[in-house]
Structure formats: C-alpha cells, structure tokens
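Biologist: I would like to go through this model with you and hear the reasoning behind each label. Where shall we begin?

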Amino acid sequence: MQSALVNTKRIHKLSEAVVNRIAAGEIIQRPSNAIKELIENSLDARATSITITAKDGGLKLLHIQDNGHGIHKDDMPLVCERFATSKITQFDDLASVATYGFRGEALASISHVAHVTITTKTEESPCAWKANYSDGIMVPAKTGATADPKPTAGNVGTQIMIEDLFFNVPIRKKALKSSTDEYNKILDVVNRYAIHNSAVSFTCKKAGTNSADFRSNPGTTRDAIRQVFGPAVAKELVEISQSNPGLDVELHALVSNANYNMKKMAFLLFINHRLVESTNIKRAVDNMYSTYLPKNAHAFCYVSLEMKPQNVDVNVHPTKKEVMFLNEDLVIEFICDTIREKLAEVNDSRTFTPATITTSSLQLTPITNLAEPPKSSSKPSIAPSKKPYEHKLVRTDSRMQTLDSFIRVNPSFQTSHSANQGKAALPLSDSTLKSTVSENSMRHENQTSQEIIINTESAVAPADIALLSKEGTSAPQKELPTLQTEMPPADLVTPVLSRLIEPLKNTREFVDIQLSSILNLRSKIRSDAHSGLTDLFKNHTLVGAVDDQWMLMQYQTKLYIVDVEDITREFFYQIALHGFSNFGYTELKSDGINVQELIQLAAEEQISAEQTGTSDKQLMSPQDIAQQITALLIERRELLDEYFSVVLSEEGILHALPVLLKEYTPNLSKLPLFLLRLGTEVNWDEEQACFETFCQELGILYACEPPPDPSDGLKEGVSDTNDCSADSLPQLSYCASYNWTLEHVVFKAMKQWYLPSKEMAKRESIVQVVDLPDLYKVFERC
C-alpha cells in the first residue's frame, strides 16, 4: 500500500505561471521592495526628479514618475518579460556592471502580482506611449481593444502605476503590517536614496494629499541628512574621504563625532551606489564607537564604498539587498581604522549638556541677534516643585484679557444694539453680509427702508452701483437720515471696494509644480529664513493693535511692536510663490473693470507727483503708457490666468483676481498702481525673474492696509478717514472688521506659514518694546 502511494508522487515540471508567481514572491516581498526597484530604474535612466505617490501603504496604489530618458516604443512589449534587460548581454558582463538593475526581473515580478500601467516618452518621440501589463505581457486596457501601446500626452520620462499589489496572493497581503507601517518603510527607502543621490530631487506623498511627506532639493549629502534626520545630527557630522590602493577601495562617509549619540544606530551603507545591508560592517563600526560613546548609546553613520565591479558579486540575493566582495575582513578593518583616526583628530574637546536647564535669556534688541531659536523655559530638575519667579512668568493663555476690552466704544452702539455686540467685528464677507442684512430687515420690518448713498469717486467703482439700498438694488438718491441713535446697516459697515467682488470660487484641480524657477525661489525663501524670527512668529501671542500700522505681539517674556504692512508684504509674497498656479478666483461684480482706465489714472497721479515744482515734460503721455501696458497684459493674459488667476479679457476688462488667503480681501484702492507696476516693475523676459517680480507686486497689493472708509461720502469736513481712533460709529465698525481680519485671519496664517527673511531682521519693522525681567529691575530701583 505504501509503495503504491510512493509511486503516485511523480516529478513534473511546474507551469510558467506558477514559476513566475513564486519568483515574484521572492523579489517583491512588500511595497517597499517594489519602490526600491523602481527608484533604481529611474536612477539608471539618469532622472533628476523622482516623485512617488502611495495609497494604503502602497498596496492599493504605487505611482512613480521620473524625467529620465524614457523607454522606446519598440521596447515596450519586452518591458515586463522576465530576463529582458538593457544592462547586460552576457554573463561576463556581471563582472563590470555599473547599473542598479541587471537581471530584468523587477517589473516582470511586479506584473505577476499586480496590475501595471506604464506611460513613457523619449526625447525623440513626438508623443508619449501608454501600455497595460499583466503576467509579464501587454494586455488591452478594455475588453475588445488591442494590447498595443496607445499614444497619449506626456512629458519626457516614465510613469509607472502599480495597482492592487498582491491581489492574487492573499496570504502575503494579510501577512503585511498596517498600511501606515508599510508607508513608513517606503518613506525610509526614499529617504536613504535621497541622501546618497543628493543631486536628485525626491518627492514622496500619500495619494489624495496636496502636501508631500518628504521633498528634497538638489544639494550636498550633508544637506540631505539635515533634512531627513534633523540639524542636530548634521552639525555634528565628520566628513571622511579616503582611498586604499591596495584593496582598490574608496571610502566616502559622514559619521557623527563623540558629542552626538542616539538610542538606535542609524547606519546607511552604499556599495557602488547600491543600497545594501552588511551586518559585519555595521557591528564592527558600532563596536568601534563603544570606546567613544556612553553605554547603550550609538552613532550615526553614512558610508559609501566604491570598489572595482570585478571585486563585487551583486547577484547573491533576490532583492539585491546583500552583496559579497573580496577581502571583506580587510575592508572592514580599513573602514574602522579610518573612522577612528578621524574621530581622534576632531574630538580633542567634548561638549556636555548640563542637567539643569534655566530660562532662556535671549536678548532681542536689536532683532539681529535672533540667530538661534530660543529654548523654551522648563522647570529646574533639582527642585521641580519650586515655583518660577514672577518676573519669569509668561502669559500665553488666549482666554485671558487682551487690549480689545480696553478699546472705547460708542455708548449708543452698546446700549441700543447689545444683541449684536461683537457681530460688527466679524469680517464682512458676502455670506456674513447677507445674514446681517436679513437680521436687520427682520428687526426693522415695520420701518421704512433707508437708502444709503455710497461714494463711488474711487476709480475702481462702476458708475452703475452709485446708489444701493439695503437689499443691494439701485434706488433713487434720497437725503441720508441721521445715524445718531441707530446702528448703521451692513452696507455702511462694509468697505465700498469689497462690495465689488463675488464670493471666491476655486474650480481648479491641484497642480504639482515642478518648474525649476519656482522651486528655486521657494528654496531661496527657506534658505534665507531667519530662525529666530521664524520661532517668534510661530509661537507668539497677539496682544492687539496700536493703530493702523503697528501691532503688539508677546513672545516669552518680551513684548514686540511690528509693522503690519511691511511684514505682510513679505508674507503674501511667500504665499504667492507657494500657491503658484493653484489660486482660487475672486470674481469682480458687474461687467468687470477697464484696465486701461485704471492704469491711466495711476499714471496721471504718478506723473503729477513727480512733476510737482518742476517743468519737465514727459516722454510719454498717460494715455500712451496705459495703452502700452494694457496691450502687454492682454498679450500675456493666458499666463496671468494659468499661473496667477488674474482673468483678463481680450478687450482689456479685468474679471477676477487671485485668492491668496481665504477670508481676506486686499485694499483694492491699490489696484490701479498694481496694474501700472505690472508694466514697469515686472521682468517679462526671464522666467524666474518674471515670477519673482510678479509675486512681489502681488505682495504689495495684498499687504494689509486699511481700506478706504465706507462713510467717506457721508462725512464732510473729516480729513483723516483712515484714523481708527475716530469716535464715529461707522469708523469704529469698519476698524473692528479690519482688526478682526488681522488677528483671526492674517496673523493666524502667519503662525503656520510665515518665514521671515534675514533682511527683515535688519529693518526696524520688528522692535522689542520691553522685557519683563528688565521691567522688574526698574520697579526694584523705584
């Protein structure tokens, strides 16, 4: 009986599908293995920009896009076949292989456990080509269609989309960890390759999100380490470059000195630019550091070894994470001796952090000494129960009293309209305006509706809205009733110019900007950022407004006064760059605004101001200037719409402006000068200079500045209409709206996004008023 069972177990050859699926399981063990293979393919294609997108930890979707040389159309049927490669032609080529890939198994293995779509374009191809793959061969995208590559639009390079990874291997899929853990493994692979390939721009993000979890800019290896592991590691790194002719080995490394240690060793090893693991090298280096670091403390090491390809065997592991090389023991000894000698040179002195941390005594007068971010105060470790001194207490609770409660308000406003107290201080957007009008009409439904005359002398206001009723319809001009005992309608409180705009609309889809000019300008903002001022704005507490120009801010135990217009000019310039090509639209009401008329008005004002007291004649009349600039803007209206959401018709009618910050509307009285400066100050000849100067002009236009008083046409004999110290009820309502927008919209956004420049620290836009410990010293002398 047993012999009969034995005879039934005959040897047979496995089917091709089973063989391929088994091989795929060895090479692609998890999503991070797949992304590693795809990144290496992109680097082999000489890509300088690589973008990775993942969904559900890479199991639902893995997408990689590069700008490499692409794949020829005739080669696309072979892309996902096993052992089809462009790297080698015969076995002896393995001895001199200098690329990441060589077997031609990565894409083949992926196609056997997932659905693969490849879109590629070479420099010579007139269009991109797209094909779908399954089980190593091309398949039609739809039933009944052909499997041949289809022409499509695309950039030079390759896009590979992997969907439903391990859909036919349910056991492997269930054995994987959570999607978060798998995504973190993908991010770790991207970080390591970004450090070694510091000249390549890497981006990694989750599908459906606009912000990237990791984005690197071309730079040095130290810069990449700083971005991934933080500045604490980067500033303690020692650079090593050493060669050993006897072993034919070159060592390039960045290792931490004895002043830095971490709980778990960070060891990045690259051999011939290939990310590998070597337990022997890691253990030897860690043991070498044990003589320099405390017990259970470890170092950071980035090691790159370059050897002759003949001395390295890269074909020893399915995922190529391990390699074998000649004279391994001698190479390890060479690495440890070199690091040890370098540490002996730089570690003549050691730095120890004291156990007791006291309150930071950083002085910010002048501002330029904010070189390093201040340390937050903490309790002394010796006596944790001891209360801090009163002169070192910091008030940061937003629920505590602010200066707003001390602002004197018109008594009639408080007594007659207590139910509406606080509502006038809200930003009067269209939605708020409608609700205010409806409440007002319900409250006074038995009274005769009052028509309000609105001043339209501003060049921006169309003539057809000169008369507005509370419902927003045109009405015959009537004499204005007294406003001494009643609250003004919402139309009066709302600034005139803001009534010219519709609610913001954003029908655009997010555009991931890869223009080198914009990326360079964004990188310049980050590199020029002042670390001390950045921390100040990030952690400040807004105290209140001094007047239209100055605001008070508290930071730790210090009080500062800041120039609102100056800092918001730079802030909105940065917002314009970061939101490039992704702005919403603020549509202008009526039939738009005639650009030429506005430019001519601004030109006349500028010429009259320059010719005051002189008899010089201008080379061009205001009309000629307006026509020339208008023609320039009309010619570039597609660029203005696509990149900056400035909608301009062929007839020179302005229909929309960009939304830089939600719930914020700029002072549109600056619009004529803005349009004029687009022709005189923007460099339209060079791409980067054009974007930079245009965003600077947007920053000037959107810089916070009190809008014209809506009651200008109602108040005669008042010269300073922008003075928020005026006692009139309309003025107080308008100022409350402006100050509310500053506090709850602009400064709230600045906490998150503003990176003050080092140039800002040199100006007198941010000045320290007083320091609490110094104030106590004055009291003691009294």
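Modeller: With Asp56, which counts as partly exposed at 44% relative accessibility. Keep in mind that this is a predicted model.

Biologist: Why is Asp56 called partly exposed?

Modeller: Buried needs under 20% and exposed needs over 50%. Asp56 has 44%, so it counts as partly exposed. Its place is the loop between β1 (49-55) and β2 (61-66).

Biologist: What makes the phi of Asp56 worth a remark?

Modeller: Its sign. Phi of Asp56 is near 55°, which is positive, and the residue is not glycine. Asn327 is another residue other than glycine with a positive phi, near 55°.

Biologist: Where is Asn327, and what is its relative accessible area?

Modeller: Asn327 is in the loop between β16 (324-325) and α10 (328-346). Its relative accessible area is 42%, so it is partly exposed.

Biologist: How do you know that Gly157 is buried?

Modeller: The cut-off is under 20%. Gly157 has 3% relative accessibility, so it counts as buried. It belongs to strand β7 (residues 157-163).

Biologist: What is Gly157 in contact with, leaving aside neighbours within four places in sequence?

Modeller: Its partners are Asp66, Asn67, Gly68, Gly70, Thr119, Thr120 and Lys121. Take Lys121: it is 36 residues from Gly157 along the chain, yet their C-alpha atoms are 5.5 Å apart.

Biologist: And Ile281: what makes it buried?

Modeller: The same cut-off, under 20%. Ile281 has 1% relative accessibility, so it counts as buried. This residue is in helix α9 (residues 279-289). Leaving aside neighbours within four places, it contacts Phe267, Leu269, Leu305, Phe325, Ile332 and Ile335. The C-alpha atoms of Ile281 and Ile335 are 8.4 Å apart, with their positions 54 residues apart along the chain.

Biologist: What share of the protein is buried?

Modeller: Buried residues make up 45% of its 782 residues. The secondary structure comes to 24 helices and 26 strands. Of the contacts with a separation of 6 or more, 71% join residues 24 or more positions apart.

Biologist: Now the rings. Why is the pair of Tyr193 and Phe270 called edge-to-face?

Modeller: Two values matter. The centres must lie within 6.5 Å, and the planes must be over 60 degrees apart. Tyr193 and Phe270 have centres 6.1 Å apart and planes at 80°, and the pair is edge-to-face. It also links distant parts of the chain: Tyr193 is in helix α6 (residues 179-196), Phe270 is in strand β12 (residues 266-271), and the two are 77 residues apart.

Biologist: Are Tyr193 and Phe270 buried or exposed?

Modeller: Both are buried.

Biologist: How many aromatic pairs are there by this rule?

Modeller: The count is 16. There is also an aromatic cluster, formed by Phe580, Tyr643, Phe644, Phe674, Trp684, Phe691 and Phe694.

Biologist: How do you know that the charged end of Lys73 sits over the ring of Trp129?

Modeller: The distance limit is 6 Å from the ring centre, and the charge must also be within 35 degrees of the ring normal. The charged end of Lys73 is 4.0 Å from the centre of the Trp129 ring, and it sits over that ring.

Biologist: On to the helices. Why are α14 and α21 called oblique?

Modeller: Helix α14 (residues 516-527) and helix α21 (residues 687-702) cross at roughly 55°, and their axes come within 9 Å. Roughly parallel needs under 35 degrees, and roughly perpendicular runs from 65 to 115. The angle fits neither, so α14 and α21 are oblique to each other. The crossing is right-handed.

Biologist: Which residues of α14 and α21 meet?

Modeller: From α14, Ser517, Ile518, Asn520, Leu521 and Lys524; from α21, Glu687, Gln688, Phe691 and Glu692. Phe691 is also one of the aromatic cluster.

Biologist: What other helix packs with α14?

Modeller: Helix α16 (residues 564-578), at about 145° and with the axes 10 Å apart. Their crossing is left-handed. Ile518, Leu521, Arg522, Ile525 and Arg526 of α14 make the contact with Tyr573, Gln574, Leu577 and His578 of α16.

Biologist: Last one: what makes α3 oblique to α4?

Modeller: Helix α3 (residues 31-44) and helix α4 (residues 106-113) pack at about 140°, with axes 10 Å apart. Roughly antiparallel needs over 145 degrees. The angle falls outside that range, so α3 is oblique to α4. α3 passes α4 in a left-handed crossing. Ala34, Glu37, Leu38 and Asn41 of α3 meet Ala106, Leu107 and Ile110 of α4.

Conventions: Residues are numbered from 1 along each chain as its sequence is written. This is a predicted model: local features need pLDDT of at least 70, side-chain atom pairs count only at pLDDT 80 or more; totals for chains, interfaces and linings use all residues. Side-chain values use heavy atoms; hydrogens and water are left out. Rings of Phe, Tyr and Trp (its six-membered ring) pair if their centres lie within 6.5 Å; planes under 30 degrees apart count as stacked, over 60 as edge-to-face and the rest as tilted. Helices (H or I, at least four residues) and strands (E, at least two) are DSSP runs, numbered from the N terminus. Buried means under 20% relative accessible area, exposed over 50%, partly exposed in between (1.4 Å probe, protein chains only). Axes are lines fitted to C-alpha atoms, for helices over the stretch in contact, and angles run from 0 to 180 degrees between N-to-C directions. A crossing is left-handed if the near helix is turned anticlockwise from the far one by less than a right angle, and right-handed if clockwise. Contact means heavy atoms within 4.5 Å.
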